[in-house]
Protein chains: 2
Amino acid sequence: MALAPAAQDLLFREARTANAFTAEPVTDAQVQAIYDLVKYGPTAFNQSPLRVLLIRSPEARERLVGHMDEGNRAKTASAPLVAVLATDHEFHEELPRLVPHAPRAGEVYFSDRAVREQSALLNGALQAAYFLIGVRAAGLAAGPMTGYDAEGLRAEFLDADHEPLMVVNIGRPGDDAWFPRLPRLGYGDVVTAL
Amino acid sequence: MALAPAAQDLLFREARTANAFTAEPVTDAQVQAIYDLVKYGPTAFNQSPLRVLLIRSPEARERLVGHMDEGNRAKTASAPLVAVLATDHEFHEELPRLVPHAPRAGEVYFSDRAVREQSALLNGALQAAYFLIGVRAAGLAAGPMTGYDAEGLRAEFLDADHEPLMVVNIGRPGDDAWFPRLPRLGYGDVVTAL
């Protein structure tokens, strides 16, 4: 591997989904540094459908916690920062800026809403993964969660053109921050050569 | 950032989607090292729906190229290694191994096929992104593509329980391997604080 072992540990091997955090704040400067790194991750046609909502105020936090599943509430209430990652189903409106060599790409490939929704889910999830890796690259732990009332979350914070992908708790891991590592599938279970 | 600048460059800033490759082979040992690193990336309920098909034989390569969009054929034919990344819609059958503390998770949460398909798309895409990062961590360039006949690809290489997510060319970048970097959305376009 070209990536040094310590960096491999930071991003994958020792990184864990944290369930408890210290009180140390996560600053806007840290989030900007994360975004400015991971924005370069590839998406199909550079479509970049991910949008990020940072839950900063106590009022917004309280509104968010009410839509989380029971088992996710305490950690969502106590994490230094919580981010709602969502896709924008109208991402094609930005394509003239994003693919200036193909200014009609939006009309040609993405005029159908159902096509955009599927494409935004795939490519928004890619960008969500880059974001999680970026949080780890910043020396922070991420706690991604999909256990929430998606329609409630959408109605509370988003609109009909945005779909929540996941909610992510962000901060430095606290005491007993994680469970033992779960097993993974082996190479032979996942990879087949033809 | 805790991740060293050179590693940030390797994974994001200088990494690019390659369209041309040298002839240097990509070995099974390299793919195994990539998998054994990125398998630790998080998925919801550790569901791990990603499956990888390595196109090794000339016959398989020829079958694959025929399903790619015109503009993707030459590079797919010439890349040292091509991988088809797919999701397994029957991933819940592996859950007793993956979440041994909740052996009935598959029946309780994933008995509905439509739920599994959406979950496999989101979580398979997360794992596909980890895989692309892993290819870069190995010092290789990845060329992810979604321009292909998905139903043709499925019928050729997969079955009704597997859905292609993307096809990835892998190798060392060759001459004129990429176009100039496309613009990205700014922090203020993507991130909102509440």
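This passage describes the relation between two chain copies, a buried strand and a nonpolar surface patch in a predicted model.

Two copies of a chain are related by a rotation about an axis and a shift along it. In the present model, chain A is superposed on chain B by a rotation of 180° with 0.0 Å of shift along the axis, and the RMSD is 0.0 Å. The two copies are therefore related as by a two-fold rotation axis. Both copies use the same surface, since 100% of the contact residues of chain A recur in chain B.

Within chain A, strand β2 spans residues 81-88 and is mostly covered, with eight of its eight residues buried. The cover extends to both faces of β2(A). On one side, A:L81, A:A83, A:L85 and A:T87 are buried; on the other side, A:V82, A:V84, A:A86 and A:D88 are buried. Strand β2(A) pairs with strand β1 (residues 50-55) of chain A, to which it runs antiparallel and is joined by six bridges. In this pairing, A:A83 of β2(A) is the bridge partner of A:L54. Strand β2(A) also pairs in the antiparallel sense with strand β4 (residues 162-171) of chain A, over eight bridges. Here A:L81 stands opposite A:I170 of β4(A).

A nonpolar patch of about 300 Å² is found on the surface, made by A:F45, A:V108 and A:Y109. Of these residues, A:V108 lies in helix α6 of chain A, which covers residues 105-109. The relative accessibility of A:V108 is 48%, so this residue counts as partly exposed.

Terms used:
Residues numbered from 1 in each chain as written. Chains lettered and ligands numbered in written order. Predicted model: local features only at pLDDT ≥ 70, side-chain atom pairs only at ≥ 80, totals over all residues. Heavy atoms only, no water. Patch = residues over 30% accessible without salt bridge, like charges linked within 9 Å, V, L, I, M, F, W, Y side chains within 5 Å. Areas by Shrake-Rupley, 256 points an atom, 1.4 Å probe, with all protein chains shown as cover. Salt bridge = Lys/Arg side-chain N within 4 Å of Asp/Glu carboxyl O. Helix = DSSP H or I, 4+ residues; strand = E, 2+ residues; numbered from the N terminus. Buried < 20%, exposed > 50% of the residue type's maximum accessible area, 1.4 Å probe, protein only. Least-squares fit on C-alpha atoms with pLDDT ≥ 70 in both. Contact = heavy atoms within 4.5 Å. Pairing = 2+ DSSP bridges.
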